[in-house]
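Here is a short report on one structure for a reader who has not met it before. Keep the sequence and the model in view while reading.

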Amino acid sequence: MTTESLIDEAVAADDATDAVTAIDVNSKEKLGESVAVLNTLMNTVQQQVLGRNEVIELAIIALVADGHVLLEDYPGSGKTTLAKALGEAIVADEDSNADSHILPFRRIQFTPDLLPSDVTGVPVFDSSSNAFYFRHGPLFAHIVLADEINRTSPKVQSAMLEAMGEKQVTVDNVTYPLDDLFFVIATQNPLDLVGTYPLPTPQLDRFLFKISMDHIDREAELDVLNTYNSRRHLAGELATVTRSQVLAARQIIDQEVTISPAIKTALVDISRNLRTDDHVLQGNSTRSMVLMLPALQVSAALRGRDYVSADDIELLLPRVLGHRIELAPGVTDIHKVLKENMREPMEMLARSTLS
Amino acid sequence: MKPVLVTTVSYENCDKPEHLQSIEIIVSNTSTANMTARSNHLLPTGLRAVIVASAFWLLSLSLTVVSGSVAALLGCGLACYLAASRRTTDALSAIRTPVLLGAVVLLSLLGLLLASSMANSSLTANVLSPITAFNSAEFIKWLALATGTTFVLRTLAQRTGYGAIVEILFVASAFVITLAAHRNGMIHRPFLLGDYAITRGIDPATILMAFGCAAVLALSSLLMIENNHRRLPYHFAVLGVLCLSLLGYIQLFGLPTPQLTNDLGLTGQAQDGRSNARENPFQDGENSAEDREAPVAVVVFRDDYEPINGAYYFRESAYSQFNGTMLDFSSHRSMDQDLLENFTNTRSETAQPPGALDQRRSVRTTVGMLVPHRSPFGLATPVAYENKPNPNNLRFKRTYDVESLAPEYDYEYMIGRETGRADWSEEVRQEYLQLPDDPRYGELAQQLIANLRPEFADDPFAKAWAIKTYLDENGIYSLKNEHAYADDPAGSFLFGDLTGYCMHFSFAATYLFRSIGIPARVGIGYSVPAVNRGGGSSLLVQAVHGHAWPEIYFRDVGWVIVDPAPQQTLVDMTTDPQNDLQQLLGDMLRDEAAFEEFLQSQRTSFLNLTIILNSLYALIGLTLLVAYLVKSYRLWAPGHSSPAQQYRVAYRAALDRLAGIGIRRKVGESREHFARRVAAKSPALLPLTQAHLDYALGHHSERLDAQQWRQLQSQVAKDIQQNFSPWKRCLAVINPFTWLLTR
């Protein structure tokens with residue numbers, strides 16, 4: 001072999017490495033851009049909703065992970081503000097030929113006498129065109145706030161949940177697709193249960209997270225009072241992201257953030273542990289694990305990682321499983337049960353990195 | 001309380017008389033209380049069962065065969081279970097205590113009857129073999145006995161206030177009865193324990209002390225179970241400390257010494273040379289024969305010697321000076337110069353060695369005193385004394401070597417010899433001839449020697465022999481006598497009923513010798529029958545061997561023992577040979593390699609401790625070596641492994657370092673959580689963990705180069721250097737198993 005050919009080969013090898021690095025860099029850049037979009041979104045919302053950084057983060061994770069959240073809270077805790085801020089931070093694409101029926105934000109106040117058509121929309125007869133046309137209901141929006149979802153009849157609830165699950169609405173045998181970004185923030189009051197229709201566990205399974213909101217801390221509450229006026233006029237001045245940016249971020253994160261087999265093993269093991277635990281009446285579904293994967297990826301990306309790690313599981317698992325697990329009678333502390341069942345799989349996960 | 005209420009309600013509706021109702025209520029009340037108590041007190045109940053069962057087992061060991069002991073153990077367990085189980089107590093709760101106890105006793109008696117009929121009938125012996133028949137009879141007997149007794153004890157303890165005390169007394173007496181054989185210096189008894197210990201080369205005392213401690217613990221725990229069992233561990237701790245301090249006391253001050261055999265003035269504190277005061281050597285009434293078998297000393301013969309007159313004489317001292325009422329230790333400087341009177345730390349030799357060396361054999365003996373003595377004693381005639389290091393401080397009060405010139409002459413050798421030593425002054429000679437101012441001695445002596453054949457009429461030995469023969473034939477040996485408080489006990493004996501023991505004989509003979517001009521004294525010490533030696537080289541001296549004998553000084557020979565041996569005796573002074581004890585003590589005293597070897601061989605046959613220990617040491621050493629190798633490999637690896645492995649190896653090394661100083665991940669804790677937790681102590685772990693996880697969970701692509709890995713890893717080491725005290729780091733270096741702590 002001549003010296004030249006040696007050099008050639010070296011150069012070729014160099015090129016190959018460069019190519020790999022280039023791809024690496026490329027994908028890294030893309031991921032970085034996506035995370036920047038999410039951070040912008042988060043910043044915008046955070047400036048309008050004070051002291052709720054964790055909830056905002058979880059909401060954005062759910063949004064990007066194509067899930068929905070259920071907030072358990074009391075009146076006046078800022079959930080509407082949160083949903084509205086989120087809706088307004090995502091603007092429609094300028095050049096889009098998208099459906100003009102889709103709005104950034106809608107709020108539905110659920111009451112016992114609400115009907116499914118109030119939510120989905122209804123065909124209305126237009127006498128001028130002598131035909132029915134579909135009047136879109138409030139579900140046709142990027143962000144939908146479903147307030148006090150447990151106050152309405154199961155009929156409406158199931159219509160709502162179908163829309164959440166399938167991202168479509170069927171009225172009079174005609175199916176209308178919802179927006180790709182369709183994201184529901186549902187709320188319910190955990191204490192005032194008189195005259196409600198509590199959501200059964202299978203329906204709760206549609207929500208990616210159930211988040212219990214505590215009162216915000218003292219400083220944040222003071223801030224809310226102090227900046228009340230100034231924040232009213234913020235709306236137009238804050239940075240926004242476009243709908244397509246969010247959708248792109250969703251796709252890029254799904255592609256770029258690795259989920260190691262060890263992580264998946266840990267998830268499955270935790271689920272299996274929970275199902276066999278005597279303290280648990282009914283364990284979580286397989287679907288919950290599937291839904292959780294994108295959320296883990298988003299959580300990892302938000303933390304600047306391109307792989308899912310134990311931190312993400314520890315952050316999200318209680319939120320994902322909290323409403324999916326039915327505890328045996330007499331067992332109250334879900335966190336303790338989770339902790340017990342997570343210990344061994346998490347230990348295996350930690351050990352897997354050294355072997 | 002619920003069941004009680006239910007009972008009350010249900011009985012309110014039926015037609016029982018009122019007093020019956022109340023009784024029922026009380027019964028059910030107590031049974032509920034017992035029920036809760038029982039469920040809570042399972043441990044104490046079990047403990048009590050174990051204690052009572054072991055007490056019974058101990059008691060049965062010396063009384064029956066193995067099957068009987070097993071039956072005793074089983075019976076106790078059965079009875080304890082029955083007494084504790086709710087079913088039986090509920091069923092029996094209606095029966096009154098005396099009736100119940102009577103029934104149990106009756107049942108046990110039936111069991112005993114069955115056992116005895118089994119053992120006695122020829123039918124069972126024919127059907128089974130005689131041995132099987134006997135064994136099963138013992139089994140049934142002890143089962144009945146143990147079950148009955150324990151059930152009675154337990155029932156009493158449960159139903160009455162005093163029952164617990166009876167139970168405790170029973171357990172205590174089981175221990176006492178078993179260990180009673182050990183008293184009076186019988187250190188090899190009970191044989192059950194003694195044999196076990198000796199064949200394994202353990203001092204039986206240790207085992208017995210352990211037994212004692214166990215007994216104390218068992219008894220006190222029984223006591224405490226009856227009361228508040230919650231403080232049990234605390235009490236146990238205190239008791240344990242007490243028992244251990246007892247052990248320590250014994251190590252420091254030795255075992256308690258039996259105060260024995262002081263009748264002859266042999267034992268007691270070592271003579272200090274000033275005070276010669278002694279108590280009356282003549283004992284009144286009945287001498288206690290209880291402790292007579294107690295070992296006093298053991299003598300190991302270094303040279304071969306067999307006494308011609310059938311007994312070894314060990315002289316300790318002599319009564320030679322007449323003090324006006326009786327003979328006493330001499331205060332005269334030039335008297336009794338052959339005696340070795342004081343214990344010294346070096347060698348001391350007698351001032352007046354005996355003569356007739358051609359008729360004597362030099363014998364070296366080693367003496368181990370189990371009881372303190374006033375003076376050293378040695379095989380007659382001792383000429384040199386030399387203190388020896390004590391091989392067993394626990395056992396021997398004093399050990400020393402004695403060189404003796406032991407006589408091999410027979411009595412004919414004395415015939416025709418003069419008496420008295422040539423270099424005695426007249427004063428000394430007169431001292432040896434002093435006797436009570438009583439003419440009867442001279443008269444009796446003259447009367448006795450009157451019948452001598454003419455050729456021996458002037459021979460001192462022949463005269464002495466005539467006197468000895470008179471005492472042999474007419475004296476009656478008895479420990480009971482009435483001479484003790486006479487002015488002259490020897491005279492009272494000699495001219496009275498001639499009934500007395502060695503003291504009377506020796507004093508009487510000495511006075512008789514002296515009355516006819518033969519210089520004589522009373523030698524005191526021990527006289528041990530030659531058969532006791534039993535062919536071994538050690539000889540056990542027991543309290544019963546304490547003796548006093550008359551001695552005559554023959555010119556050029558020395559003090560010759562002329563010991564009257566009464567042919568009539570009212571008391572049996574023979575003792576069982578204690579060959580085991582003799583050999584044990586002899587071996588202990590000899591303390592030679594041979595004995596060690598013997599013990600070693602016993603150990604080998606039982607369980608080769610040395611080999612086990614050695615292999616254990618080797619195993620431990622090997623484990624440590626391997627552990628250190630692994631440890632150093634894991635710390636060394638980051639510098640030498642491939643870049644692809646760095647993420648694992650470097651991180652592992654850092655974790656090893658942290659584990660060494662006690663920082664480790666909790667089970668179930670994630671790596672990043674752990675890193676954040678210790679960030680205050682070791683900030684460098686955070687980036688290292690990050691990099692590690694990047695690689696392990698991520699794309700396997702973001703490789704730092706080996707240099708960077710090493711840098712991160714050594715940064716952790718630097719953190720440790722800065723934030724932890726030197727002794728902690730030192731421990732981390734020493735600990736070979738740090739890598740096992742790493743997770």
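Phe461(B) and Phe554(B) are both buried. This is a predicted model. Their ring centres lie 5.9 Å apart and the planes meet at 55 degrees, so the pair counts as tilted. Phe461(B) belongs to helix H15 (residues 460-474) of chain B, while Phe554(B) belongs to strand E14 of chain B, so the pair ties together parts that are 93 residues apart in sequence.

**Aromatic pairs**

Over all chains, the whole structure holds 32 aromatic pairs. Another of them joins Phe343(B) and Tyr385(B), edge-to-face, with 6.2 Å from centre to centre and 65 degrees between the planes. Phe343(B) sits in the loop between strand E4 (327-328) and E5 of chain B, and Tyr385(B) sits in strand E8 of chain B, so this pair links parts that are 42 residues apart in sequence. Phe343(B) and Tyr385(B) are each buried.

Ring pairs also build a cluster. Its members are Tyr319(B), Phe322(B), Phe329(B), Tyr441(B), Phe495(B), Phe507(B) and Tyr511(B).

Phe343(B) has a further partner: Arg398(B) lies over its face, 3.9 Å from the ring centre. Arg533(B) lies over the face of Phe301(B), at 4.3 Å from the ring centre.

**The six-stranded sheet of chain B**

Strands of a sheet pair through backbone hydrogen bonds, either parallel or antiparallel. In chain B, six strands form an open sheet in the order E5-E8-E9-E6-E1-E13, with antiparallel pairing. Strand E5 (348-349) and strand E13 (538-542) of chain B are at the edges; each has a single partner strand, so one side of each is left without a neighbour in the sheet. Helix H18 (residues 579-590) of chain B packs on this sheet and touches E1, E6, E9 and E13 of chain B. The direction of H18 makes about 65 degrees with that of E1(B).

How many residues of strand E6 (residues 360-369) of chain B are buried? Seven of the ten are, so E6(B) is largely enclosed by the rest of the structure.

The table lists strand pairs of chain B, each with one pair of opposite residues.

| Strands | Bridges | Sense | Opposite residues |
|---|---|---|---|
| E1(B) (residues 295-301) and E6(B) | five | antiparallel | Val299(B) and Val367(B) |
| E6(B) and E9(B) (residues 398-407) | ten | antiparallel | Arg360(B) and Pro407(B) |
| E5(B) and E8(B) (residues 382-387) | two | antiparallel | Ser348(B) and Tyr385(B) |
| E12(B) (residues 520-529) and E14(B) (residues 546-554) | seven | antiparallel | Tyr526(B) and Gly546(B) |

Tyr385(B) thus appears twice in this account. It is the bridge partner of Ser348(B), and its ring pairs with that of Phe343(B).

**The five-stranded sheet of chain B**

Chain B has an open sheet of five strands in the order E7-E2-E12-E14-E15, with antiparallel pairing. Strand E7 (378-379) and strand E15 (558-561) of chain B are its edge strands, and each pairs on one side only. Helix H17 (residues 502-515) of chain B packs on this sheet, touching strand E2 (311-319), E12 and E14 of chain B. The direction of H17 makes about 15 degrees with that of E14(B).

**A buried threonine**

Is Thr499(B) buried or exposed? Thr499(B) is buried, because its relative accessible area is 11%, under the 20% cut-off. This residue belongs to strand E11 (residues 499-500) of chain B. Neighbours within four places in sequence aside, Thr499(B) is in contact with Ile476(B), Ser478(B), Lys480(B), Asn481(B), His483(B), Phe493(B) and Leu570(B).

**Chain A**

Chain A has 13 helices and 13 strands. Of its 355 residues, 49% count as buried. The chain exposes about 17,400 Å², and carbon and sulfur atoms supply 52% of that area. Among contacts in chain A with a separation of 6 or more, 78% come from residues 24 or more positions apart.

One hairpin of chain A shows detail. Strand E7 (residues 168-171) of chain A is joined by four bridges to strand E8 (residues 174-177) of chain A, and the two run antiparallel. Gln168(A) has Pro177(A) as its bridge partner in E8(A). Two residues lie between the strands of this hairpin, and Asp172(A) in the turn has a positive phi of about 55 degrees. E7(A) also has two faces: Val169(A) and Val171(A) are on the covered one, Gln168(A) and Thr170(A) on the uncovered one.

Methods
Residues are numbered from 1 along each chain as its sequence is written. Chains are lettered from A and ligands numbered from 1 in the order in which they are written. This is a predicted model: local features need pLDDT of at least 70, side-chain atom pairs count only at pLDDT 80 or more; totals for chains, interfaces and linings use all residues. Side-chain values use heavy atoms; hydrogens and water are left out. Buried means under 20% relative accessible area, exposed over 50%, partly exposed in between (1.4 Å probe, protein chains only). Two strands pair if DSSP finds at least two bridges between them. Contact means heavy atoms within 4.5 Å. Axes are lines fitted to C-alpha atoms, for helices over the stretch in contact, and angles run from 0 to 180 degrees between N-to-C directions. Accessible areas come from the Shrake-Rupley method with a 1.4 Å probe; for residues, only the protein chains shown count as cover. Rings of Phe, Tyr and Trp (its six-membered ring) pair if their centres lie within 6.5 Å; planes under 30 degrees apart count as stacked, over 60 as edge-to-face and the rest as tilted. A charge sits over a ring if NZ of Lys or CZ of Arg is within 6 Å of the ring centre and within 35 degrees of the ring normal.
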